[in-house]
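Reader: Please take me closely through one helix packing in this model, and then through what else one of the partners takes part in.

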Amino acid sequence: MGKKSLEKELAAQRALVTKLRKKLKKLEAAEKPDAPAISPLAPTAFPDLPPIAGVRFSATGAGVKYRGRADVMLAEIAPGASVAGVFTRSATRAAPVLDCQSKLAEGMDTDKGAAILVNSGNANAFTGDNGMASVSEICSSVGTALNVPTSRVFTASTGVIGEPLPHDRIVAKIDKLAASLDAASAEATANAIMTTDTFPKGACATVEIGDTTVSISGFAKGSGMIAPDMATMLAYVFTDARVSPPVLQSMLSDAADQSFNAITVDSDTSTSDTLMVVATGKADMPEIGSARTAIGKAFSAALRVVMEDLAKQVVRDGEGATKFLTVNVTGAKTKLDAKKAARAIADSPLVKTAVAGEDPNWGR
């Protein structure tokens, strides 16, 4: 074989090696979990959330979109629990949001158990009849696995918009999720619902109701499309308190206005925002039948502490965020006036760029 032939053969071999290396890198990248750099504003660690009597969690990977990480969570709720929720006000709400709203509006028998299933990677939004069919399949499978009515199964999806949800991948993992339920798995559950988040978000508080210590703990996800009413975020808060369903709903709505509806990152509204609170009623205490009683006020204040903590963590994980800004308004005649002034400042791109760029042009 001549010199030119050898050089040609060697060049071909080198090209093949380069091609194979590129292919290997792609395969390795596909197997690695998506792990964006952690926000500089992130807390040092996930909090030690206390187990809530009457709730068990599990999480697993279903391959909805992500590889090598958990992307589906399940929460099993014991009979007797009150459930409340607030959701996005977008006119283009995702299928799971519409389903949850419909179920809560109809009212439910609290004597039955309940369940929450959430997937990340796909929002099941702008998916039409297929989206509702996916919700129905998931709810039916969860109801069968946990022996709870489908009317008490709530779902949420977060991730890419406009793509059909591969619900068969989720359904295939429900038995595994049901078999691995554990009261102390809140952190794994919080990780499973993340999308572009850089850290899981958790918060907790306790409040004394008579001689009983009532626990409240929750977790959330969110980092982009963050604006009031609400944001691209999911949040789930659990407590062992005894609270009637209508009072729990009222407390949640009030607390949402002072927490998740008072934050902004990019001023964009989402299709999928879901915030739910579950009160299992397992604590040894009288039922809270009014938010105006002493125990109602005490519990409501503790609930607000947890929700405000979670909301602030969402802001701290805003996509590309390097600053956390609080707008304080004084001298306003009404709360509405104060809110308008604060919102005008917080939503201003000029103010945001001035703060981010550390260029304190007070005229902005």
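Author: A crossing is called right-handed if the near helix is turned clockwise from the far one by less than a right angle, and left-handed if anticlockwise. In this predicted model, where local features need pLDDT of at least 70, side-chain atom pairs need 80 or more, and totals for linings use all residues, the crossing of H7 and H8 is right-handed. Residues are numbered from 1 along each chain, and side-chain values leave out hydrogens and water. Helix H7 covers residues 245-257 and helix H8 covers residues 294-316 (DSSP runs of H or I, at least four residues). Their axes, lines fitted to C-alpha atoms over the stretch in contact, are 10 Å apart and meet at an angle of about 45 degrees. H7 is therefore oblique to H8, a word for angles from 35 up to 65 or from 115 up to 145 degrees.

On the H7 side, Leu248, Met251, Leu252, Ala255 and Ala256 make the contact (heavy atoms within 4.5 Å), while H8 brings Gly296, Phe299, Ser300, Leu303, Arg304 and Met307. Sorted by class, with Gly counted as polar, this contact of H7 with H8 has eight nonpolar, two polar and one charged residues.

H8 also takes part in the largest pocket (an open set of 1 Å grid points where a 1.4 Å probe fits, with protein on both sides within 12 Å along at least five of seven lines; lining residues have an atom within 4 Å of a point). Strand S7 (212-226; a DSSP run of E, at least two residues), H8, helix H9 (335-346) and helix H10 (349-356) each supply at least two residues of the lining, and H9 gives the largest share, seven residues.

Note on methods
Axes fitted to C-alpha atoms, helices over the stretch in contact; angles between N-to-C directions.
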